[in-house]
Amino acid sequence: MKNWIIFLLTVIAVFLLALLANSIIDRKAEARFAYQPKVEIEGIEPRDSVWGLNYPRQYQSYRKTADTTFRGMYSTSGFADVLDDQPELVVLWAGYAFSKDYNQPRGHSHAITDIVSTARVGSPWKEGDGPMPSTCWTCKSTDVPRLMDEIGITEFYSEKFSDFGSEMINPIGCADCHDPKTMNLTITRPALVEAFEAMGKSVDDASHQEMRSLVCAQCHVEYYFDKDLPGKEGAAYLKFPWEGGLTVEAMEEYYDNVDFADWVHPLSKTRMLKAQHPDYEIFSMGVHAKRGVSCADCHMPYKTEGGQKFTDHHIGSPLANVESSCFVCHRESKDDLITDVYERQRKIKEGTGYLQKLIAKAHIEAKKAWDLGATEEQMADILRNIRHAQWRWDFSVASHGAAFHAPLETSRIVTSGTGKIQEARVQLVRVLADLGHNEPVEMPDFSDKAVLQEYIGLDMPAEVQNKERFLEEVVPRWLKEGREREAATLPVTNVSSK
């Protein structure tokens with residue numbers, strides 16, 4: 001009997017080992033043929049669908065960036081009108097295009113649709129029209145590196161946004177981050193390379209793990225348009241203000257030293273700075289970055305399908321995929337991890353919400369001082385404090401995920417901004433008193449976006465009407481011309497036919 005039991009156990013063990021060996025052989029065979037190229041990608045190929053023929057898993061996961069169903073406490077992958085939710089921002093950005101329209105960013109696949117749809121870029125009817133330079137396309141399309149390669153970097157920055165409408169038809173995608181021959185991560189936007197050089201560094205020295213953040217840092221950073229760069233006059237040349245470091249104070253000092261302003265506020269007459277989205281800078285000051293975690297580790301975690309491990313290109317909030325993102329390192333429950341994130345966001349939001357209301361009031365109080373005859377000497381320190389306070393506020397809120405990436409640093413920035421705007425308002429009280437005004441300055445209705453837009457002089461009904469016509473008449477023409485250009489100039493070569 002004992003021998004029979006041993007015999008049966010041996011048979012079962014052999015059977016299981018055979019299954020395991022067969023599975024290993026199948027997976028190795030699958031790995032061998034998983035990424036056999038079907039087409040040859042030559043030069044800078046802007047079409048993700050072509051890359052997808054060779055890398056179907058990555059391509060199919062990337063297409064999910066079109067999903068708009070995620071909802072967090074303060075963020076979403078769908079449409080959200082930030083000005084409607086926080087109307088006082090209209091006053092903060094008076095005189096700047098963001099006072100017309102500011103929505104939460106959607107997934108990468110929506111990049112082209114969203115930029116042509118926003119009122120910020122105007123409604124240009126023909127080439128050469130509109131308020132925005134061609135530089136505004138830089139982080140929106142895989143056609144950008146293609147066109148930079150074709151016409152030159154400075155030449156790309158030297159045109160109008162409307163000049164390249166039919167050139168920019170492919171949203172953010174494969175060609176922005178990958179070398180088509182090796183699939184290695186690569187930098188395709190010169191501003192990041194130039195910023196590293198300005199700091200005495202080289203992107204070429206970055207490790208693979210560092211590159212998993214730097215490809216994101218091509219766009220998720222603070223930047224400005226330098227229109228007076230020696231030898232490149234006339235171009236809205238894209239630059240990162242990193243020469244003195246990545247902190248809010250270092251970049252503020254950089255801007256102050258070169259006397260740069262994104263615009264002059266029409267109410268307070270302050271020379272303003274507009275933070276873009278300093279995600280990489282804020283992230284680099286947090287605990288995850290210090291422990292060697294990259295952007296891709298959380299926003300593009302590895303996944304397994306059919307025995308194949310690959311990077312999930314459904315780029316989005318880790319809260320939508322806690323199991324794959326957070327559980328790699330953390331052992332808390334999903335609910336505890338999400339609660340922790342929301343708690344940080346709630347505390348930061350409380351501070352930024354308070355600060356932005358103080359800044360809005362300061363702009364209006366400064367206008368009152370000017371109206372009563374204040375001098376530039378009286379207003380100099382006040383305007384400097386308004387400039388620096390709003391810069392700090394914007395740096396905190398424009399950075400996607402700042403409240404989680406580096407909550408201590410973000411809290412410090414918000415606190416310093418609050419101190420500066422409170423100092424500005426105390427100074428304003430003194431100036432107003434000297435000018436004979438000892439009553440609170442009358443404020444508009446901060447609860448209504450439309451009221452505030454009219455208050456600062458915007459004709460939004462006309463803006464909306466022009467935008468609707470632009471989207472109906474101009475954008476379809478851009479897309480049609482772009483598709484025809486691609487069909488004529490970007491053939492696809494089948495590898496097996498060679």
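**Exercise 1. Find the residue just after α9 with a positive phi, then work out what the helix packs against.**

Solution. Start at the end of the helix: just after α9, Gly200 has a positive phi of about 80°. Keep in mind that this is a predicted model. Next, step back into α9, which covers residues 190–198, and pick out its buried residues: Pro190, Ala191, Leu192, Ala195 and Phe196. Now look at what those side of things touch: the buried residues of α9 pack against α7 (143–151), α8 (153–157), α10 (208–217) and β3.

**Exercise 2. Do the same for α7: which residues are buried, what do they pack against, and what follows the helix?**

Solution. The buried residues here are Asp143, Val144, Pro145, Arg146, Leu147 and Met148. For their partners, go through the neighbouring elements: the buried residues of α7 pack against α8, α9 and α22. Then walk off the end of α7 and you hit Gly152, with a positive phi near 110°.

**Exercise 3. Place Pro171 in the chain and list what it touches.**

Solution. First the address: Pro171 sits in the loop between α8 and α9. Then leave out residues up to four places away in sequence, and the contacts of Pro171 are Asp48, Tyr62, His108, Ser109, Ala111, Ile112, Lys140, Ser141 and Thr142. For a bit of scale, try Leu458: Pro171 and Leu458 are 287 residues apart in sequence, and their C-alpha atoms are 30 Å apart in space.

**Exercise 4. Decide how α21 and α22 are oriented to each other, and say what their contact is made of.**

Solution. Take the geometry first. Helix α21 (residues 460–473) and helix α22 (residues 475–489) pack at an angle of about 25°, and their axes are 3 Å apart. Angles under 35 degrees count as roughly parallel, so α21 and α22 are roughly parallel to each other. Now the residues: Phe470, Leu471, Glu472 and Glu473 in α21 meet Val475, Pro476, Arg477 and Trp478 in α22. Sort them by class and the contact of α21 with α22 has 5 nonpolar, no polar and 3 charged residues.

**Exercise 5. Classify the ring pair Trp242 and Tyr280, then say where its two members lie.**

Solution. The structure holds 24 aromatic pairs, so there's plenty to choose from. In this one the ring centres of Trp242 and Tyr280 are 5.8 Å apart and the planes are at 25°, so the pair is stacked. On to location: Trp242 is in the loop between β3 (237–239) and α11 (248–257), while Tyr280 is in helix α12 (residues 279–283), and the pair links distant parts of the chain, 38 residues apart. Last, check burial, where the cut-off is under 20% relative accessible area. Trp242 has 1% and is buried, and Tyr280, at 17%, counts as buried too.

**Exercise 6. Which residues do ring pairs link into a cluster, and which charges lie over a ring face?**

Solution. Follow the ring pairs and you get a cluster of Trp93, Tyr96, Phe98, Tyr102, Trp263 and Trp393. For the charges, Lys309 lies over the face of Tyr302, at 4.5 Å from the ring centre. Arg469 does likewise over Trp125, at 4.1 Å from the ring centre.

**Exercise 7. Sum up the whole chain: how many helices and strands, and what share is buried?**

Solution. Count the elements: 22 helices and 8 strands. Then burial: 47% of the 498 residues count as buried.

Notes
Residues are numbered from 1 along each chain as its sequence is written. This is a predicted model: local features need pLDDT of at least 70, side-chain atom pairs count only at pLDDT 80 or more; totals for chains, interfaces and linings use all residues. Side-chain values use heavy atoms; hydrogens and water are left out. Axes are lines fitted to C-alpha atoms, for helices over the stretch in contact, and angles run from 0 to 180 degrees between N-to-C directions. Helices (H or I, at least four residues) and strands (E, at least two) are DSSP runs, numbered from the N terminus. Angles under 35 degrees count as roughly parallel, over 145 as roughly antiparallel, 65 to 115 as roughly perpendicular and the rest as oblique. Contact means heavy atoms within 4.5 Å. Ala, Val, Leu, Ile, Met, Phe, Trp, Tyr, Cys and Pro count as nonpolar, Asp, Glu, Lys and Arg as charged, and the others, Gly among them, as polar. Rings of Phe, Tyr and Trp (its six-membered ring) pair if their centres lie within 6.5 Å; planes under 30 degrees apart count as stacked, over 60 as edge-to-face and the rest as tilted. Buried means under 20% relative accessible area, exposed over 50%, partly exposed in between (1.4 Å probe, protein chains only). A charge sits over a ring if NZ of Lys or CZ of Arg is within 6 Å of the ring centre and within 35 degrees of the ring normal.
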